[in-house]
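Colleague: I'd like a close look at one part of this model, starting from a single leucine and working outwards to whatever surrounds it. Could you walk me through it?

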Amino acid sequence: MEIEDWRDRYLMESKFNVARLVGEERREGNSLASVSRHWQGEKESFCFVSPHDDDVVLGAGLAIQMAVQEKVPVHVLVVTDGSMGYCTLDEKESIASIREQETYNSLVELGVPKENVIFLRFPDCQLGLFVGRRLANDEPSAIEGFTGLQNSFTYFLRQIRPTQVFVPTINDLHPDHKVTNEQLQISLFHSTGDIWPELGPPLDAVPAIHELAIYCDFPEPPTLRIASDETTFEKKLTAIAAFKSQKQIAKLIENVRNAGPQEYVRTINFCFYQPETYHHLFQDSKYPNQIGR
Ligand SMILES: [Zn+2]
C-alpha cells in the first residue's frame, strides 16, 4: 500500500494512526495504548531526552502530541545548554538563555507544560567530558554535589519515574547524541538500583527505552510508526520553527515537511548475557572434523 493510501484510509476518523511490529505480529490502532500489550494505563509516564533543544521536536513532534492527547504525562530533558549554537556574534553570550525560551515556546505548542521541561545545562558540544559521575566544582549541571551525565540522568529518572524513555539513536553522527544515548542507557539501570541514594529512591522497574531518528538512519529497523493528520503535522512544524535563533532551521523544516506526517521509533531490547545462548555453537555433532577426545 502506498503511503498516501494508508494515510487517507486511517486518518479519516482519528488524528493518529499507529502501527507496531512485534516479531511476526503487526498491530494497528489509533493510540499507543491500542498497540501496546503492556500498557500501564494511568501509570504511564514518558520522558523524552533531547541532547540539544530541538532534537526531540524534530524526531518526535507527533509522538509527543499523541502522548499528550492520550493524557500521558510528558517530560522533556534538554541535556546541553545550547551555548555553541550562536549564528551572530551579538548572540554569543546570550544564546543559551534565548534557546531556553525558544524551547518553552516550542514545547508548549506540542502541549508540554513549562514545568515539565528540564534543562540539565551541560556545556554544548562537550558532553564527552561529562561521561560518568564525579565531584562537582561550580558547574551549573551539579546535583547533590556531583556532576556528570549519569548523575543527572539517574536523579531525573528517579524524580520523573517514567515508564517509557525516548532518545535519539546512537547512530547519529553528532557526538553529543551518541554520548547521551549511551549514558542514558546505563543510567536506566543505575536508577533502579540502590546506589547513590542521595539521588532519590530507586525505580521499581527499568523503563522501556525507544530510539528516535533525527539525522541518521536507525542501527536496526524501527518497530513503531506514528502517522498524523495535517493539523497535528502543522503544529509540529510550528514547534520546530520556534527555534528561530537557529538560522538553519528553515532547511530542517523543509526536510520534515517533505518527509510528511510520519515518525518512526525503534524499541531497544537489551541482550543480557546468558551462557545458554552460546551452548549450541559448541555441540560436537555440528562439526565433522573433531580433533582430540
Ligand atoms: Zn542535536
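Modeller: Sure. This is a predicted model, and the leucine to start from is Leu237, which sits in helix H7, residues 230-241. Is Leu237 buried or exposed? Neither, quite: 17 other C-beta atoms lie within 10 Å, and burial takes 20 or more, so Leu237 counts as partly exposed.

What does Leu237 touch, leaving aside residues up to four places away in sequence? Its contacts are Ile253, Val256 and Arg257. Take Ile253: it is 16 residues away from Leu237 along the chain, yet the two C-alpha atoms are 6.3 Å apart. As background, an α-helix has 3.6 residues a turn, so residues three or four places apart point the same way.

Now for helix H8, which spans residues 249-259. How many of its 11 residues are buried? The number is zero, so H8 lies largely in the open. Right after H8 comes Gly260, with a positive phi near 90°.

From here, let's move out to the sheet. It is an open one of nine strands, in the order S2-S1-S10-S11-S9-S8-S3-S4-S5, and the pairing is mixed. The edges are taken by S2 (25-29) and S5 (117-122); each has a single partner strand, so one side of each is left without a neighbour in the sheet. From one strand to the next, the twist averages 20°.

At the S2 end, S1 (residues 16-22) runs antiparallel to S10 (residues 224-228), and five bridges join them. S1 also pairs with S2 in the antiparallel sense, again over five bridges. Val18 is a handy residue for seeing both pairings: its bridge partner in S10 is Ile226, while in S2 its partner is Gly29. Asn17, for its part, stands opposite Ala227 in S10. The hairpin of S1 and S2 has two residues between the strands, and Gly23 there takes a positive phi near 60°.

There are also two non-glycine residues with a positive phi. As a rule, most residues other than glycine have a negative phi. Cys125 has a positive phi of about 70°, and you'll find Cys125 in the loop between S5 and strand S6 (134-135). With 16 C-beta neighbours inside 10 Å, Cys125 is partly exposed. The other is Arg161, with a positive phi of about 55°, in the loop between H5 and strand S8 (164-168). Arg161 has 19 other C-beta atoms within 10 Å, so it falls under the cut-off of 20 and counts as partly exposed.

That loop brings us to H5 itself. The axes of H5 (residues 149-160) and H6 (residues 175-192) come within 8 Å and cross at roughly 55°. That angle makes H5 oblique to H6, and the crossing is right-handed. On the H5 side, the contact involves Leu149, Gln150, Phe153, Thr154, Leu157 and Arg158. Among the residues they meet in H6 are Val179, Leu184, Ile186 and Leu188, along with Gln183 and His190. Sorted by type, the residues of this contact divide into seven nonpolar, six polar and one charged.

Terms used: Residues numbered from 1 in each chain as written. Predicted model: local features only at pLDDT ≥ 70, side-chain atom pairs only at ≥ 80, totals over all residues. Axes fitted to C-alpha atoms, helices over the stretch in contact; angles between N-to-C directions. Helix = DSSP H or I, 4+ residues; strand = E, 2+ residues; numbered from the N terminus. Parallel < 35°, antiparallel > 145°, perpendicular 65-115°, else oblique. Left-handed = near helix turned anticlockwise from the far one by under 90°. Contact = placed C-beta atoms within 7 Å. Nonpolar A, V, L, I, M, F, W, Y, C, P; charged D, E, K, R; others polar. Pairing = 2+ DSSP bridges. Buried ≥ 20, exposed ≤ 12 C-beta atoms within 10 Å, placed from the backbone.
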